[in-house]
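Me: I would like a close look at a single part of this model, set in the context of the whole chain. Please keep the account formal and connected.

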Amino acid sequence: MNPDATPPRLIHVSAAVITDADGRLLLVRKAGTTAFMQPGGKPEPGETPAETLARELAEEIGIRVAPADLEPLGSFTASAANEPGFAVVADVFRVDIGDQQPTPDAEIAELRWVTAATAPGIEIAPLAREYFLPA
């Protein structure tokens with residue numbers, strides 16, 4: 001390890017694992033960026049990770065879920081897709097959206113359902129690619 005290397009700065013986020021009936025993972029791309037990532041975002045003051053994710057899902061893709069209904073999967077760290085020199089520390093939750101249909105809203109430009117088989121050629125954020133992309 002290089003003693004002069006600067007450790008990455010950390011960005012804390014909450015992120016969702018949302019899969020459809022075919023086992024595909026929902027990814028979103030924010031306006032002005034190229035990488036697809038899991039829906040979610042940064043907390044506002046006083047929010048729990050589950051509250052952050054519930055708010056972000058409503059704002060970004062119009063999905064309404066109760067924080068208590070989110071299934072915690074743990075905390076995961078990966079390089080930040082859109083912020084060089086940063087790492088994301090994500091509190092990740094599995095989210096059952098029932099028959100709700102996600103639609104891009106707020107800063108979301110596009111959404112896609114992907115698997116490892118359909119991912120080649122798509123720029124996918126390290127967090128999703130390394131931990132959550134289904135086979």
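In which loop, between which two strands, is the place of Ala-106? Please begin there and then relate that part to the other loops of the chain.

Reply: The model is a predicted one. Within it, Ala-106 is found in the loop that runs between strand 5 (86-94) and strand 6 (108-114). The backbone of this residue deserves attention: its phi is positive, at about 50°, although Ala-106 is not a glycine. Most residues other than glycine have a negative phi. The relative accessible area of Ala-106 is 54%. Residues count as exposed over 50%, so Ala-106 falls in the exposed class.

To place this loop, the fold as a whole is needed. The chain contains 2 helices and 6 strands, and read from the N terminus the order is β-β-β-α-β-β-β-α. The radius of gyration is 15 Å, close to the 14 Å that the globule rule gives for 135 residues, so the chain is as compact as a globular protein of that length. Along the principal axes, the C-alpha trace spans about 50 × 40 × 25 Å. Among contacts with a separation of 6 or more, 62% are between residues 24 or more positions apart.

Burial and surface complete this general picture. Of the 135 residues, 43% count as buried. The accessible surface amounts to about 7300 Å², and carbon and sulfur atoms contribute 52% of that surface. As for charge, the chain has 10 positive and 20 negative charges, and the mean positions of the two sets lie 5 Å apart.

Other loops can now be set beside that of Ala-106. Ile-63 belongs to the loop between helix 1 and strand 4 (71-79). Whereas Ala-106 is exposed, Ile-63 has 0% relative accessibility and counts as buried. Leaving aside residues up to four places away in sequence, Ile-63 touches Ala-54, Leu-57, Ala-58, Ile-97, Gln-100, Gln-101 and Pro-102. The C-alpha atoms of Ile-63 and Arg-29 are 16 Å apart, with their positions 34 residues apart in sequence.

The loop that leads into helix 1 offers a polar example. Glu-47 is located between strand 3 (40-41) and helix 1 (49-61). Beyond residues up to four places away in sequence, its contacts are Thr-52 and Arg-55. With Arg-55, the side chain of Glu-47 forms a polar contact of 2.6 Å. Glu-47 is also 31 residues from Ala-16 along the chain, and their C-alpha atoms are separated by 16 Å.

Two further loops contain buried polar residues whose side chains reach the backbone. Thr-33 lies between strand 2 (25-30) and strand 3, and its relative accessible area of 18% makes it buried. From there, the Thr-33 side chain reaches the backbone oxygen of Lys-30 at 2.7 Å. Asp-20 occupies the loop between strand 1 (9-17) and strand 2. Asp-20 likewise counts as buried, at 18% relative accessibility, and its side chain reaches the backbone nitrogen of Asp-22 at 3.0 Å.

To return to the part in question, Ala-106 is an exposed loop residue that combines this setting with a positive phi of about 50°. By contrast, Ile-63, in the loop after helix 1, is buried at 0% relative accessibility.

Conventions. Residues are numbered from 1 along each chain as its sequence is written. This is a predicted model: local features need pLDDT of at least 70, side-chain atom pairs count only at pLDDT 80 or more; totals for chains, interfaces and linings use all residues. Side-chain values use heavy atoms; hydrogens and water are left out. Helices (H or I, at least four residues) and strands (E, at least two) are DSSP runs, numbered from the N terminus. The radius of gyration is taken over C-alpha atoms; the globule rule is 2.2 Å times the number of residues to the power 0.38. Buried means under 20% relative accessible area, exposed over 50%, partly exposed in between (1.4 Å probe, protein chains only). Contact means heavy atoms within 4.5 Å. Accessible areas come from the Shrake-Rupley method with a 1.4 Å probe; for residues, only the protein chains shown count as cover. Lys and Arg count as positive and Asp and Glu as negative; His and the chain ends are not counted. The place of a charge is taken as NZ of Lys, CZ of Arg, CG of Asp or CD of Glu. A polar contact is a pair of N or O atoms within 3.5 Å; within protein, one must be able to donate a hydrogen and the other to accept it, and residues adjacent in sequence count only if both atoms are side-chain atoms.
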